[in-house]
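Good morning, colleagues, and thank you for coming. I would ask you to look at the sequence and the model together while I speak.

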Amino acid sequence: MHLNDEQYKATVALRGPGETGYLVYLESLEKWRTDRRFAAYLPSRLATFTQLIGSSPTLQKAISRAKKFADSDRSVWISGERGTGKSALAQAIHSAGKRRDQGFYMISCGEVTDEEWDMLLTGTAQAPGLMEGGFAGTLYLKHADRLSRAAQDRWPQVIRGGKNFRFIASSTTPMTKLHHRPEYNQELITALGELHLSVPPLRDRPEDIEEMIRVMIADYNSRTGKQIVGMREAVLERLIQYDWPGNLTELENLVQEMMILTKGHYTEWDEVSEIWERLRQIPGAPAPSAVMTPIDLSGDLEEIEERILWHVLQEEGMNQSKACKRLGINRSTLWRRLNKMFKNET
């Protein structure tokens, strides 16, 4: 149960002989975690679906699927690249589910040894473990693809006996790829992957970046007392064009760095140009503008239009607002054409 933003385990017992009513004992789950010094992290505040930022179709499709999964008590496997927000999505599923008033236990699988798993699950003579101590809620196995083989072989039995828990797992390795790895326990994939959810990388939803940056700036202002309004177009356009191999985590770190360097109400290009130069050295970043060459007019009309669109973008220094003005189209149309171009190249 939750009380004042903390989680507690409640135990109910009868009063002594001759007395009526019950006694309720509350044990702090945070104290339980601290005393055992394990990676069973218990966030005091959990993410909800309303806190997942982005209105792109790819993200909304994943959120819609996750909301349906929240109504079930079956296990969920969440796949996605590092930094895409898998943990937040797992918390949101718990927050909207039947076990929302119970505990949410997040365990980083790659940080727990086989000996620690024994103590964490079954406990010791001094203290009960998760499976035998009356605990209940959602057990989230972060980085399930990093479990040792011994732990993989043990977990299917734990899941079958864990009637007090709903299980959610996540991995950077797609579940479909784990299916083809003979060294990974296939029974565990079946047990943890009754339902499957894939989180899109940030490069597949660039239209969400501007919205996320606004939220990050507002959060930074509330914490620091600054009054930053936003970023200049030249800065924003380059951030939208970047490939974001580190996804949301990389975006948040970069925006925080830019906020620190911002002196006025807007982030100016000359304040953060050094950061962009650093980003351009990372694989996946937009290439610097090259010398313009004549447009190739071979091929069908659609191919020629794509070359013209890209030519204008380069002439305008990848500034999409200026390119849209020259081409006589809006930014939504430009994004659709760019996304189609990039998909055709892959």
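Let me begin with a term: two strands are said to pair if DSSP finds at least two bridges between them. With that in mind, please turn to strand E5, residues 76-79, and strand E9, residues 195-198, which pair in the parallel sense over four bridges. Within this pairing, Val76 has Leu195 of E9 as its bridge partner.

I should say at once that this is a predicted model. The protein chain contains 14 helices and eleven strands. Of its 346 residues, 44% count as buried. As for the contacts between residues at least 6 apart in sequence, 70% join residues at least 24 apart.

Let us stay with the strands. E5 also pairs with strand E8, residues 165-171, again in the parallel sense and over four bridges. Val76 has Ile168 as its bridge partner in E8, in addition to Leu195 as its partner in E9. A further bridge from E5 links Ile78 to Ser170 of E8.

Which residues cover the two faces of E5? On one side there are Val76 and Ile78, on the other Trp77 and Ser79, and all of these are buried.

E8 itself is mostly covered, with seven of its seven residues buried. Phe165, Phe167, Ala169 and Ser171 point one way from this strand. Arg166, Ile168 and Ser170 point the other way, and they too are buried. Note that this buried set includes the charged residue Arg166.

From E8 we move to strand E7, residues 137-142. Five bridges join E7 to E8, and the two strands run parallel. Here Tyr140 stands opposite Ile168 of E8. Ile168 has thus appeared twice, as it is also the bridge partner of Val76.

E7 is joined in turn to strand E6, residues 103-108, by six bridges, and these two strands run parallel as well. Gly103 stands opposite Gly137 in E7. How many of the six residues of E6 are buried? The count is six of six, and E6 is accordingly described as mostly covered. On one side of E6 lie Gly103, Tyr105 and Ile107, and on the other Phe104, Met106 and Ser108.

I turn now to the helices. Two packed helices are described by the angle between their axes and the distance between the axes.

Consider helix H4, residues 114-122, and helix H5, residues 149-161. Their axes come within 10 Å and cross at roughly 15°. Because the angle is under 35 degrees, H4 counts as roughly parallel to H5. The crossing of these helices is right-handed. H4 contributes Asp114, Trp117, Asp118, Leu121 and Thr122 to the contact, while H5 contributes Ala150, Ala151, Arg154, Trp155 and Val158. By class, these residues comprise six nonpolar, one polar and three charged.

The second pair is helix H10, residues 247-261, with helix H11, the latter spanning residues 269-280. Their axes are 8 Å apart, and the packing angle is about 150°. Since angles over 145 degrees are classed in this way, H10 is roughly antiparallel to H11. This crossing, too, is right-handed. The contact involves Glu250, Leu254, Glu257, Met258 and Leu261 of H10. From H11 come Glu271, Val272, Ile275, Arg278 and Leu279. Six of the contact residues are nonpolar, none is polar and four are charged.

One residue of that contact merits a word of its own. Leu279 belongs to H11, and its relative accessible area is 3%, so Leu279 counts as buried. Leu279 and Leu254 are separated by 25 residues in sequence, and their C-alpha atoms are 9.9 Å apart in space.

Finally, I would draw attention to two loop residues and their backbone angles. His143 has a phi near 60°, a positive value in a residue other than glycine. His143 is placed in the loop between E7 and H5. Is His143 buried or exposed? Its relative accessibility is 15%, so His143 counts as buried.

Trp244 likewise is not a glycine, yet it has a positive phi of about 55°. This residue is found in the loop between H10 and helix H9, the latter covering residues 233-241. At 0% relative accessibility, Trp244 also counts as buried.

Definitions and conventions: Residues numbered from 1 in each chain as written. Predicted model: local features only at pLDDT ≥ 70, side-chain atom pairs only at ≥ 80, totals over all residues. Heavy atoms only, no water. Axes fitted to C-alpha atoms, helices over the stretch in contact; angles between N-to-C directions. Parallel < 35°, antiparallel > 145°, perpendicular 65-115°, else oblique. Left-handed = near helix turned anticlockwise from the far one by under 90°. Contact = heavy atoms within 4.5 Å. Buried < 20%, exposed > 50% of the residue type's maximum accessible area, 1.4 Å probe, protein only.
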